[in-house]
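Please read the following alongside the sequence and the coordinates. The account goes from a helix to a sheet, and then to the spaces enclosed by the protein.

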Amino acid sequence: MTRIVSHLGLDLSHPFSAAHLQPPVLEVAVDADRLASASNASMDTYDSGPGTLEVERWVVDSLARLAGLPDPATGVMTPGGSMSNLMALMLARDAAAARDGLDVREHGAASLLRPVVLCSELAHFSVQRACAALGLGEGAVVAVPVDDAHRMRTDLLAAELARPDRTPVAVVATAGTTDHGAVDPLPELAELTARHGVWLHVDAAYGFGTLFSRRLAPLLDGITRADSITLDLHKLGWVPAAASVLLVRDPDAFRATDRTVDYLIPDDDVDAGLAGLLGRSLQTTRRPDCLKVAATLQAYGTDGLGRMVEHCHELARVAARAVEADPRLELVADPRLTTLLFRCVPTREVCPDALQARVRRDLLTSGRALVGRTTVRLDGERRTVLKLTLVNPGTDASDVAALLDLVAETGQRLSAVVGEEVVA
């Protein structure tokens, strides 16, 4: 098994591994993750792991304070950002029903009048998945167009919220879109949702890490007004996956998911202060992922993690300037967080989109480099572009320059290849 992973797996610490929001992990987090596995504790009941329950509460409280949420904000760890978004929208759905005097647990989602969830057209696809799982249907998602900075247009959102023929369950703001790293205008969204009495969820799975940095934290101004926040510490937190957290402003929101079960958490144990976290999760048995997060926070602190975030942030800007200086490459968009979108410039009449795809596959299958690929709107059309996701604090400017040179050289070489996959 070790041979399979070491020889056929992926070395995320390699400076030419730059495709996804999948960073190399910190040794202290790996050691703590081993401890979590060895303990085999579960987070659902008090007697399944009383010590780890307190660790998770400390982790959640620490992150809520970092986000600027007021006491008694709380939350729960989940197995990924998609599950955090699902939980957030579940709580938002039940809150919307409660405002109308309905009990969704008893009557189902059909009791709501044309429920909708509003988000940016660039929001993560987990929003659609969550709505499907919650019985709202993917068609309940209203995708609001973005502006030239790839941020949700608040004027169009305001018009959608003003429609009288449906029930807005939530507005999902994105703090760090996967491709551009764009952050929706959180202060304006907070004003709009407050005016209409609508739940504001901020999907900061990618962008939350900027709060570790005093210099970059203003990028997320307004997040303190969210009703719920998704954050992933297996991205800009450098802990092994999965380590997602759902933060919730009002602990009462969890009343809709609260459970007491005689053979797990009897009511008199709860009254005696021996409750677990069963009522805050869709899972029953849940491993103590909080240990790797707590160990990382204690070992590095916000200042240490902030320096790592700043390094990756600056690296993306250095990479952008290098692309601009190389006639073999074309910059698609200035980076906002730690991702860079660019294209190889063909040397002959070939299909540019097919060339980008061919370059990525050539680098991947040859084992020389791992770069990302996505599709974005350019000049009114959907076009294929390459992407670097720079989340390795051990990578420096010379590494990025060498990687970009390799990509550019590959683009030049493959431009000369004649074949129906490349030739227009």
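Helix α10 bends by about 85° at G301. This is a predicted model, and the bend is a property of the predicted coordinates. The end-to-end span of α10 can be set beside the bend. The helix covers residues 290–325, 36 residues in total, and its end C-alpha atoms are only 44 Å apart. A straight helix would reach 52 Å at 1.5 Å a residue, so α10 falls short of that span.

The next topic is the sheet. It is an open sheet of 5 strands in the order β1-β11-β12-β10-β9, with mixed pairing. β1 and β9 stand at the edges; each has a single partner strand, so one side of each is left without a neighbour in the sheet. At the β1 edge, β1 and β11 run parallel and are joined by 2 bridges. There, A18 stands opposite V371 in β11.

At the other edge, strand β9 (residues 329–333) pairs with β10 in the antiparallel sense over 4 bridges. These two strands form a hairpin, with 5 residues between them. Within this pairing, A333 has L341 of β10 as its bridge partner. β10 also pairs with strand β12 (residues 381–389), again in the antiparallel sense and over 4 bridges. Here L340 of β10 has L388 in β12 as its bridge partner.

How many residues of strand β10 are buried? The strand spans residues 339–344, and 6 of its 6 residues are buried. T339, L341 and R343 point one way from β10, while L340, F342 and C344 point the other way. Residues on both sides are buried, R343 among them. Thus L341, the partner of A333, and L340, the partner of L388, point opposite ways from the strand.

Away from the sheet, P185 lies in the loop between β5 (167–174) and α8 (186–196). Is P185 buried or exposed? Its relative accessible area is 6%, and because buried means under 20%, P185 counts as buried. P185 and R195 are 10 residues apart in sequence, and their C-alpha atoms are 16 Å apart in space.

The enclosed spaces come next. The model has 3 cavities of 30 Å³ or more. The largest cavity has a volume of about 130 Å³. It is lined by 19 residues, and S17, A18, A19, T389 and N392 lie nearest its centre. A18 is also the residue opposite V371 in the sheet. β1 (17–18) and α12 (397–415) each supply at least two residues of this lining, and the largest share, 3 residues, comes from α12. By class, the lining of the largest cavity divides into 11 nonpolar, 7 polar and 1 charged.

Which residues lie nearest the centre of the largest pocket? They are H124, T177, T178, D179 and K387, from a lining of 48 residues. The volume of the largest pocket is about 1200 Å³. α4 (81–99), β7 (228–232), β11 (370–378) and β12 each supply at least two residues of its lining. β11 gives the most, with 6 residues. The lining of the largest pocket has 17 nonpolar, 19 polar and 12 charged residues. Two of the contributing strands, β11 and β12, also belong to the open sheet.

Terms used: Residues are numbered from 1 along each chain as its sequence is written. This is a predicted model: local features need pLDDT of at least 70, side-chain atom pairs count only at pLDDT 80 or more; totals for chains, interfaces and linings use all residues. Side-chain values use heavy atoms; hydrogens and water are left out. Buried means under 20% relative accessible area, exposed over 50%, partly exposed in between (1.4 Å probe, protein chains only). Two strands pair if DSSP finds at least two bridges between them. On a 1 Å grid over the protein atoms alone, a cavity is a set of points where a 1.4 Å probe fits but cannot get out, and a pocket is an open set with protein on both sides within 12 Å along at least five of seven lines; lining residues have an atom within 4 Å of a point. Grid points are joined across faces, edges and corners, and a volume is the space filled by probe spheres set on the points. Ala, Val, Leu, Ile, Met, Phe, Trp, Tyr, Cys and Pro count as nonpolar, Asp, Glu, Lys and Arg as charged, and the others, Gly among them, as polar. The bend at a residue is the angle between axes fitted to the seven residues ending there and the seven starting there.
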